[in-house]
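Q: Please take a close look at one part of this model, the nonpolar interior, and describe how it is put together. Start from a single residue and work outward.

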Amino acid sequence: MQGRSETFTVEDSLPHERFDIFLRARFPGLSRGTIQRLIEERHIQVNGKPIKATHHPRAGEIISIFWPEAKPAQAQPEKIALDILFEDEDLLVLNKPPGIVVHPAAGNAEHTLVNALLHHCAGKLSGIGGVARPGIVHRLDKDTSGCLVVAKTDAAHQSLAEQFAGRSVEKIYHAIVCGEMTKKSGEISGAIARHPIHRKQMAVTTDGKGRSARTGFRVLESLRGATLAEALLFTGRTHQIRVHFQHLGFPVLGDTVYGTRQNKRAKEILNVSVPRQMLHAQHLAFLHPRTGKTQSCDAPYPNDFSEALQKLRGVADPVHEPAGVRK
């Protein structure tokens, strides 16, 4: 089988963390399912021996990974319009619209961002790990809009994935949250784990089993019964911003998973109805894999975000924001 190999040494013991989750954090461009498949196929070993996904990493262990050559993507190219903020031979940065799924999955085999990328890039996308999610280095939820970087080459993919894993990528989000925040800036530090009862949700936990998570925030604008806030991600946990703002008592407006009580109250009092969670990846900055220079992109708000803002400002005729309000 053709492919390439690499090894690295575990620096710290993680007695409460599964091996597949540990690898998912190190290689954010891969899904947990892909990592589990590579483990099952013995392409990932510890100290030269096969390992289970439930293994707990120990300091000093030598991890060896064989990356099989990528198989042709099963997803089919589709001519779907893309809002491209930057593109060259190595990568592209998109302004992802809300409502589009990033990659094919059960129930979403078509009309995804991957389908659009296969058409736009005509096969020139990375395929690290033999995965059927070409080019995807990181993800945004279906109903989250904004900056998303895509790798065209394996070298670019690996570089970007290492930057995400090393937390050197600057990721800034804008969110409209329920309620008027009185604290103008701060930091939320709360470990995140699977909710003990609602297994499809994440939650802040204090039992020592969650993964550390940090979110910086500041108020950009006080609105009518709501707040436009900026969130700076220091870590990249599942649903991190949504969970952390809910934990503060200011869930994201329109979020049907976190903060349903506050959202119901906001709809009744403010008479503002939104089609999805008002969360937008406004800014992304990283080192370009080839040049080493900082590549920075800002994504304009989508129409629904701008319209919600104007309604909460009390303005009758919405005027769409050109590129957010970073200051």
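A: In this predicted model, M181 is a convenient place to begin. Leaving aside its neighbours within four places in sequence, M181 is in contact with F217, V219, T227, A229, F245, L248 and F250. M181 also belongs to the largest nonpolar core, which has 30 residues. Within that core, M181 is among the residues that touch the most other members, together with L117, Y173, I241 and F245. F245 thus appears twice, as a contact of M181 and as one of these core residues.

The elements that give two or more residues to this core include helix 3 (113-121) and helix 5 (240-248). The strands that do so are strand 6 (91-96), strand 7 (145-151), strand 8 (170-178), strand 12 (214-222), strand 13 (226-233) and strand 14 (279-287). Helix 3 gives the most, with five residues. A second core of 17 residues is separate from this one, and L253, L270, V272 and L309 are among its members.

Two loop residues elsewhere in the chain make a contrast with the buried core. R42 lies in the loop between helix 2 (32-40) and strand 2 (44-46), and its phi is positive, about 65°, although R42 is not a glycine. R42 counts as exposed because its relative accessibility is 55%, above the 50% cut-off. N47 sits in the loop between strand 2 and strand 3 (49-50). N47 is also not a glycine and has a positive phi, near 50°. With a relative accessible area of 47%, N47 is partly exposed. Most residues other than glycine have a negative phi.

Terms used
Residues are numbered from 1 along each chain as its sequence is written. This is a predicted model: local features need pLDDT of at least 70, side-chain atom pairs count only at pLDDT 80 or more; totals for chains, interfaces and linings use all residues. Side-chain values use heavy atoms; hydrogens and water are left out. A nonpolar core is a set of buried Ala, Val, Leu, Ile, Met, Phe, Trp, Tyr and Cys residues joined through side-chain atoms within 4.5 Å. Buried means under 20% relative accessible area, exposed over 50%, partly exposed in between (1.4 Å probe, protein chains only). Helices (H or I, at least four residues) and strands (E, at least two) are DSSP runs, numbered from the N terminus. Contact means heavy atoms within 4.5 Å.
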